[in-house]
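Have the model open in a viewer with selection by residue number. The tour moves from one strand to the next and says what to look for at each stop.

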Amino acid sequence: MIQVIGLIILLLSFSNTNAQFLHADGTRIVDESGQEVIWRGIGLGGWMLQEGYMLRTSGPQHEIEEKIEALIGEERTQEFYQAWWANHMRKIDVDSMASWGYNMIRLPMHYKLFTPPIEEEPEAGEITWLDRGFEMTDALLEWCKANNMYLILDLHAAPGGQGENADISDYDSSKPSLWESEANQEKMVALWRRLAERYADEPMLGAYDIINEPNWGFQDHENDPNGCAESQNTLLWDLQKRVTEAIREVDQQHIIVIEGNCWGNNYNGLPTLWDDNLVISYHKYWNPNTQSAIQGMLNMRSDRNVPIWLGETGENSNTWFTNCIDLLESNGIGWSWWPLKKLGGNNPLQIKMNPGYQKVLDYWGGSGAKPSAEEAYTALMQLAEDLKLENNIFHPDVVDAKIRQPHSNDTKPFKNHQISPDQLNVIAASDFDLGKVDYAYSDTEVTNITTSAGGQAWNLGYAYRNDGVDIEETEDESDYSNGYNVGWTEDGEWMLYTVEVDSSGAYDLTIRYAGQAAGVVHLEIDGVDATGSVELPGTGGFQNWTDLVVNEVPIKAGTRRIKLVIDQGGSNLSYFGFFLTSELKDISFGAVSGETTESGAIVLNLNKELDQSTVTSDGFALSVSGEVVAIDEISVLGDFQLLLKTAALLKDTDELLLDYSGTEISAADGTSLEQFESLEIRNSLPYHAPIPGKIEAEDFVVNEGLVLENTTDQGGGQNLGYTTAGDYLEYNVAVEGTGQYQLEVRIACESNSGKLRFEQLDDQGEVMNQVSVDVPVTGGWQTWQTVKTNMQLTEARGILRVKIVDPEFNLNWFRFSFNGTVLEENTRGAHIFPNPASDELNIYPNMDESWLLELWSMDGQRVFAQESVHNDRVSVSHLPEGLYILNFVSMSTAYQQKIILKR
């Protein structure tokens with residue numbers, strides 16, 4: 001049986017215990033007492049209507065049925081579908097959904113479970129009824145009523161099919177569609193009247209969703225098959241009016257949901273609303289979760305004075321789920337996710353893939369031999385058996401992302417991790433806490449907002465969990481493996497684990513890893529680095545597994561939050577484990593590591609609890625890129641941490657080394673802090689793009705409202721577009737000197753000129769310097785032109801904001817160059833920037849004489865030299881990334897500095 005992790009159920013607006021009819025009240029959905037109800041639901045995709053992708057194949061259901069029948073025959077095909085309908089949805093499923101926190105179910109119905117296709121009617125023009133669909137719906141409604149959940153009926157497959165996207169409505173292009181057949185339309189109207197008559201007195205029947213995702217071009221079907229360019233949608237609105245009238249003949253109480261064309265998103269031509277108990281539904285997939293992304297529907301809500309409901313969404317990452325629901329509920333919009341279960345993991349329940357069914361899929365896909373009828377039958381019946389909830393794979397991370405995380409930043413254990421004496425206590429790397437990105441884990445790719453179903457993978461291994469951490473099935477044969485490893489690790493990523501520790505002590509830490517090249521990690525316990533940097537030497541392959549042991553890691557008893565941080569990516573991680581070896585008093589008192597804070601102070605991590613009365617700055621010295629500076633202030637940051645401050649302004653490119661030669665600082669157990677030399681301090685100051693220099697538009701730290709797209713401009717990459725007045729971008733920048741700069745902006749504008757504004761902000765977010773840039777018409781969205789102006793800047797590390805004043809245009813990059821005198825003169829003989837550099841160095845000498853510039857590698861080889869007698873730009877694009885020594889020599893001056901090359 002599935003072990004269901006307990007979740008806090010947040011039913012913020014759904015507390016009624018007695019069944020009440022819902023109705024539209026202005027822009028809200030309310031119950032009979034006037035209390036607003038926010039639908040938090042899930043769609044039962046795959047039960048009554050199979051879509052190809054849910055079965056890991058393709059095509060509409062009638063084609064899937066034909067392929068199954070060709071393998072096992074008509075009688076066994078019917079047996080398979082009987083088992084499919086019986087097992088896919090049962091009371092245990094509804095009970096579970098209610099316990100997880102959902103308050104509504106959306107039922108995608110296939111009409112042919114209620115009435116046969118018009119071609120199969122015993123008498124043409126007659127409408128007969130089938131019991132199965134009504135019986136399935138009756139049972140589901142009873143299960144919902146037992147759990148105080150609303151049921152919404154959704155006609156997902158209308159008679160004939162309502163769109164060219166055949167899979168979602170079982171459209172058969174060889175037969176008349178819904179829109180091409182009056183008989184199909186009559187059948188649809190009659191079906192809804194029949195349903196309304198049957199459920200008119202059921203208050204837990206939440207609404208009738210008339211038609212799912214119509215996608216049909218009426219005005220120009222050849223060029224607009226899915227109706228996205230449709231301007232009137234007359235036939236669609238007329239049919240929904242007819243259905244409404246038929247429902248109201250027998251049911252005056254229930255909400256009626258209407259949907260637009262183009263998969264429920266084209267509402268052009270919508271007439272005055274024809275009923276006072278309507279809700280407008282729209283669907284949302286793979287796009288950004290910003291206010292601007294839903295503003296059109298919010299405008300419709302206020303303009304029409306009607307509730308808006310997000311009737312279908314999903315098929316994305318947990319991060320996207322959480323962000324979407326947070327956006328919706330903060331705007332008073334309910335939602336229904338898609339789907340509950342399928343062969344795939346980004347839903348609460350995952351249907352298992354049995355080997356025999358994979359052979360069936362291989363045959364259908366043309367990559368395998370045809371299975372025998374008996375083999376195919378066995379595989380398909382096993383698939384039907386695996387539909388049962390107790391045979392499903394439960395994904396608590398998906399449920400948590402939708403129910404709890406939109407309302408909380410807290411993390412919760414994914415598994416119960418316990419560290420006890422006298423055994424190796426193993427924690428799988430993939431079993432990190434439940435929670436939001438940047439709270440439970442950090443990863444580079446966490447969501448898909450490309451507007452394309454396959455536009456961005458977030459879990460590159462497509463296994464185990466739906467968070468941004470990349471997890472794959474592992475070949476690690478260790479007895480401690482859980483069958484998965486974390487892979488595709490990148491610098492700065494991390495995972496957090498809540499762990500119960502029975503005994504304080506010093507533990508040997510075992511890290512199970514594999515990798516082609518070396519990686520580096522460290523372990524933090526309650527925010528304190530407990531290991532320092534741990535190098536993981538290459539093992540020769542990403543599935544060549546080995547153990548590395550770190551001795552004497554101090555851990556105190558209690559609930560601990562352990563963070564596994566990837567300083568240098570490239571290693572795959574299977575698990576890490578702890579074995580108690582000694583008491584804390586038996587290990588020496590030493591410094592573990594140091595790291596900068598965002599403000600430029602230094603945190604020193606220690607392996608024992610401090611005696612705070614002994615803390616002094618005596619004996620500390622800090623080397624900043626070779627120059628020794630004093631520690632001016634020291635304080636206790638925590639039981640295991642000291643905070644050191646210096647008057648020197650630290651930069652993100654500085655190399656920092658710390659010495660301690662003192663004797664006074666002691667641990668709480670009386671042991672003295674051991675002296676150390678050249679302890680490397682991790683420079684974690686955020687990168688600031690140097691000015692003067694070039695900044696690509698996509699290198700923002702904040703993007704409010706703009707969309708990335710690929711550019712055809714020289715150099716490729718991406719540009720930002722779809723500008724709206726008030727949208728803005730923010731960049732971390734380091735202005736090297738106060739003065740006037742030339743500003744070049746690379747833009748493209750099709751037909752209407754625009755304007756943007758550059759603002760340099762101070763520490764309080766106030767504008768220090770600004771300039772407006774007029775955007776001319778260039779003749780196309782990818783017809784690029786460079787616009788120039790001047791801007792005064794103040795020497796500082798901070799924020800540069802680029803604000804859209806008058807749209808619409810595209811932005812590719814901008815560049816600042818010296819233009820006039822820099823007020824704070826460089827006394828070393830030349831101003832050389834940027835640092836770090838990528839493609840070129842700019843040389844501005846402070847004298848009129850010839851000079852020589854040399855670059856030396858760190859192993860003592862001269863790799864570059866250039867002479868000049870004036871300002872110059874030196875290309876370094878041919879040199880590899882890394883640290884170099886720069887020599888600048890003229891008749892009057894000579895000096896060295898470190899230069900970092902980054903790509």
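**From the edge inward**

Select L349 and F394: F394, in β13, is the bridge partner of L349. Residues count from 1 along each chain as its sequence is written, and side-chain values use heavy atoms, with hydrogens and water left out. The model is predicted, with local features needing pLDDT of at least 70 and side-chain atom pairs counting only at pLDDT 80 or more, while totals for chains, interfaces and linings use all residues.

Widen the selection to strand β12, residues 349–350, which is joined to β13 by two bridges and runs antiparallel to it. Strands here (E, at least two residues) and helices (H or I, at least four) are DSSP runs numbered from the N terminus; two strands pair if DSSP finds at least two bridges between them.

Add β11 to see an open sheet of three strands, in the order β11-β12-β13 and with mixed pairing. β11 (341–342) and β13 (393–394) are the edges; each has a single partner strand, so one side of each lacks a neighbour in the sheet.

**Around β5**

Next select β5, residues 150–157. Eight of its eight residues are buried (under 20% relative accessible area, 1.4 Å probe, protein chains only).

Strand β4 (residues 104–110) pairs with β5 in the parallel sense over seven bridges, and P108 stands opposite D154 of β5. Follow the chain from β4 through helix α4 (residues 131–146) to β5: this β-α-β crossover is right-handed, meaning that the path from the first strand over the helix to the second runs clockwise with the strands pointing away from the viewer.

Finish at strand β6, residues 205–209, which pairs with β5 in the parallel sense over four bridges. L153 has Y208 in β6 as its bridge partner. Helix α5 (residues 182–199) completes a right-handed β-α-β unit with β5 and β6.

Definitions and conventions: Buried < 20%, exposed > 50% of the residue type's maximum accessible area, 1.4 Å probe, protein only.
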